Amino acid sequence: MSVIYGTEWIRCPVCGSKTRDKIREDTVLKNYPLDWPKCKQETLIEVTNLQITVITEPDLFLKFGGFFMFFFRAVIYLLMQHRIRT
């Protein structure tokens, strides 16, 4: 017995044109880097039940916030040390 799934093209979130990727009803993608040469941009998306969600930078910041906070504090500290010495 075969199951027929509905399929849909992933559309570019920037220009709205069809990309080279297709998804089915049972497709699940997390942090998928959608690269579309026509727009020359890469966008992170999540897909569940044919619903496509664009991951924006604040969402990435929340997922990796601890690392980014440590990194930015270290950079600011180094810049301040350099400013004090000169």
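Among contacts in the protein chain that link residues at least 6 apart in sequence, 20% connect residues at least 24 apart. This figure, like the others below, comes from a predicted model. The protein chain contains five strands and two helices, and reading along the sequence gives the order β-β-β-β-β-α-α. Of its 86 residues, 19% count as buried. The accessible area of the protein chain is about 7,100 Å², and carbon and sulfur atoms contribute 59% of that area.

A good place to begin the tour is the pairing of the strands. Strands β3 and β4 run antiparallel to each other and are paired over seven bridges. Within this pairing, Tyr32 lies opposite Ile45 of β4, while Pro33 faces Leu44 of the same strand, β4. The hairpin built from β3 and β4 has four residues between the strands, and Lys40 adopts a positive phi near 55° there.

Strand β4, which covers residues 41–48, also pairs with β5, residues 51–54. This second pairing is again antiparallel and involves four bridges. Val47 has Ile52 in β5 as its bridge partner, and Thr48 is matched with Gln51 in β5. Two residues separate β4 and β5 in their hairpin, where the turn residue Asn49 shows a positive phi of about 55°. Strand β4 thus takes part in both pairings, with β3 and with β5.

The interior can be described next. Seven residues make up the largest nonpolar core: Ile10, Ile23, Leu29, Leu34, Ile45, Val47 and Leu50. Strands β3 (28–36) and β4 are the elements that supply two or more residues to this core. Two of the core members have already appeared in the strand pairings: Ile45, opposite Tyr32, and Val47, the bridge partner of Ile52. Another core member, Leu50, has contacts beyond its neighbours within four places in sequence, namely with Gly6, Glu8, Ile23, Arg24 and Glu25. Of these contact partners, Ile23 is itself part of the core.

Arg24, one of the residues in contact with Leu50, also leads to the charged side chains. The structure holds one salt bridge. Arg24 and Asp26 form a salt bridge in which the closest N and O atoms are 2.7 Å apart. What is the exposure of the two residues? Arg24 is partly exposed because its relative accessible area is 37%, a value that lies between the 20% limit for buried and the 50% limit for exposed residues. Asp26 is likewise partly exposed, its relative accessibility being 37%.

The last feature lies on the surface. A nonpolar patch there is formed by Phe70, Phe71, Phe72, Val75, Ile76, Leu79 and Met80, whose accessible area together comes to about 710 Å². One of these residues, Phe71, belongs to helix α2, which spans residues 65–85. Phe71 counts as partly exposed because its relative accessibility is 41%. That value also fits its place in the patch, since patch residues have over 30% relative accessible area.

How values were computed:
Residues are numbered from 1 along each chain as its sequence is written. This is a predicted model: local features need pLDDT of at least 70, side-chain atom pairs count only at pLDDT 80 or more; totals for chains, interfaces and linings use all residues. Side-chain values use heavy atoms; hydrogens and water are left out. Patches are made of residues with over 30% relative accessible area and no salt bridge: like charges are joined within 9 Å, nonpolar side chains (Val, Leu, Ile, Met, Phe, Trp, Tyr) within 5 Å. Accessible areas come from the Shrake-Rupley method with a 1.4 Å probe; for residues, only the protein chains shown count as cover. A salt bridge is a side-chain nitrogen of Lys or Arg within 4 Å of a carboxyl oxygen of Asp or Glu. Buried means under 20% relative accessible area, exposed over 50%, partly exposed in between (1.4 Å probe, protein chains only). Two strands pair if DSSP finds at least two bridges between them. Contact means heavy atoms within 4.5 Å. A nonpolar core is a set of buried Ala, Val, Leu, Ile, Met, Phe, Trp, Tyr and Cys residues joined through side-chain atoms within 4.5 Å.
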